[in-house]
There are 2 protein chains.
Amino acid sequence: MFEQLVCSFWMVFNRGMNNADRHRLIAQAVKDSGSATVPDLAGLTGASEMTIRRDLDTLAAQGVLERFRGGARTLLLRGQEPPFALRAHEALDAKRRIAAEVARLIADGETVLLDSGTTCLDVARLLHGRAVTVMPLSLQAIHTLSDAAPATTLVVPGGRPRSGEGALTGPLTLASLAALRFDTAILGCCGLSAAEGVTAYDLDDAAVKKAIIASTRRVIAAADGSKLGRTAHAYVGPSSLVHTLVTDTSAAAEEVAALEQAGTAVITA
Amino acid sequence: MFEQLVCSFWMVFNRGMNNADRHRLIAQAVKDSGSATVPDLAGLTGASEMTIRRDLDTLAAQGVLERFRGGARTLLLRGQEPPFALRAHEALDAKRRIAAEVARLIADGETVLLDSGTTCLDVARLLHGRAVTVMPLSLQAIHTLSDAAPATTLVVPGGRPRSGEGALTGPLTLASLAALRFDTAILGCCGLSAAEGVTAYDLDDAAVKKAIIASTRRVIAAADGSKLGRTAHAYVGPSSLVHTLVTDTSAAAEEVAALEQAGTAVITA
DNA sequence: CTTTTCAAACACAAGACATGTTCGTTACGA
DNA sequence: TCGTAACGAACATGTCTTGTGTTTGAAAAG
């Protein structure tokens, strides 16, 4: 009887479940326990085993997990960044609010450098059709803006895209950045704190972020509350390099205060 | 009565009409007579006036024509290249066969430069997943190959995309080409003849093609029969720069012979 | 001010997509 | 080597998106 109740609850709960939601649920379950079997996941999500297998194939192709016969195990190491495809569906509201605030800070006619990351991708969507010149550092943002001409001018940097992420890195990217100057950079940082400064998950990424900062007059960082006070692997520079930080209400007050102390203007969207 | 016959013929004829087909038909009609009214086009295509208006808006956004109240007029000057969105749906079979032949000429492990154009886009589709390193010079091809990792290595050149076309040009593109060397280039030429050499519609494009040729050991030109013997505006170089030409059966025999005389190997797909 | 053209709103049909089921094939363990 | 479990392909079903046509009110041209 209780079983039935739970079951019907799931059914109702799952009415609005998108396949992206199910993917997140599966990825979370696999990450938490290290591995999971197909029947387990089918029970958890209420979907059939065939659907779970298809999902696992998709997630394996995204590099989220590794298939084995009967289930899947996690590939994510502790402290590593979850793949782009999953992050894109997390904290949607916060990202969207932050992106809207960032877009408001951009004036028409400006030249803008757009970093990689999910929040910056949202900014790209809002910049679509605006009278600005944009050089995005991710394939996704380039694609988003590719049909925005002639109002929006798109400049493509060279580089090698990181798998899954779409972030452009490498010598070609650095050369493109070195050859140009911009009014404003939108930086999507992985970690930001007054004590540890701006940090990125990846060394190549950190090099690109350094070059971004060197090529622009004004640096705007877009980071939801979870990024504040966090420290990632690769050091980019002190937090004072960031002129303006746009974050959301989940940001820790003491960290915000410390950043403001260090000279960064903080806007809570 | 004859009217009815014609009408029913159109109805039958239009059964399989895609909206791309209708777009081509409309663009052709507008180009041929310089301008056309909405009711005219509705009669011609068998679609409603509302659909025609939507089509005209789409085509106007693509730069094919210019709207005016009640109809549209052509924007294409004599001898100018029709826009990408239309070319993409012309001579599909020939393009596909040519692309297949070109893809067969590429060996695994090669580094490949991929020019812009519709035929090269088809080559990109066939290269997807192959164990090659590709640097495409169009946004569309980049997008096509963006999820081909890790088997296929994608390198993105810098540059500014030409509106509609997606072809990357400008100093950033030339710099990217100058910094790298490739085994094979797939050149999509606008005009090719033994007498006039390789020609492009656009000056910037011609500069890029020159740089492409300078950066590669082997140049393969992909051009359907209509391009042979034709001359476009901007000169790229003599036909002898092209080591191999892949074309289709519609190619004029004397032009093929002349190109072979000049040192180009010709493959008819 | 009248007529024509347009665009937004709604309705409808066709196709695409996601999901579940069945069944034959493959891989692992006893 | 055999038996069982897992898998993938093929098909069926329901839902959702997309394209198209119709209607109606608004805007523009004369």
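## Two sides of helix α11(B)

Let's start with the face of α11(B) turned away from its buried side: A253(B), E254(B) and Q261(B) are the exposed residues there. Here, exposed means over 50% relative accessible area, buried means under 20%, and partly exposed is in between, using a 1.4 Å probe and protein chains only. This is a predicted model, in which local features need pLDDT of at least 70, side-chain atom pairs count only at pLDDT 80 or more, and totals for chains, interfaces and linings use all residues. Side-chain values use heavy atoms, with hydrogens and water left out, residues are numbered from 1 along each chain as its sequence is written, and chains are lettered from A and ligands numbered from 1 in the order in which they are written.

The helix spans residues 253–261 of chain B, and E255(B), V256(B) and L259(B) are buried in it. Why do the buried residues line one face of the helix? Seen down the axis of α11(B), they fall within an arc of 100°, an angle taken from the directions from the helix axis to the C-beta atoms. An α-helix has 3.6 residues a turn, so residues three or four places apart point the same way. Among the elements covering the buried residues of α11(B) are β10 (191–193), β14 (244–247) and β15 (265–268) of chain B. Helices (H or I, at least four residues) and strands (E, at least two) are DSSP runs, numbered from the N terminus. Just after the helix, G263(B) has a positive phi of about 110°.

## A buried valine

Now look at V236(B), which sits in strand β13 (residues 234–237) of chain B. V236(B) counts as buried because its relative accessibility is 7%. Beyond its neighbours within four places in sequence, V236(B) has contacts that include V198(B), A206(B) and I213(B); contact means heavy atoms within 4.5 Å. K209(B) is another of its contacts: the two residues are 27 apart in sequence, yet their C-alpha atoms are 6.6 Å apart.

## Meeting DNA strand C

Which residues come nearest to DNA strand C? Of the 16 around the strand, they are R22(A), T51(A), R54(A), R67(B) and G70(B). A residue is near a strand if one of its heavy atoms lies within 4 Å of it.

A phosphate oxygen of the DNA is 2.6 Å from a polar backbone atom of G70(B). R69(B) brings a polar side-chain atom to 3.0 Å from a base oxygen of DNA strand C.

Notes
Polar contact = N/O pair within 3.5 Å; in protein donor to acceptor, adjacent residues only side chain to side chain.
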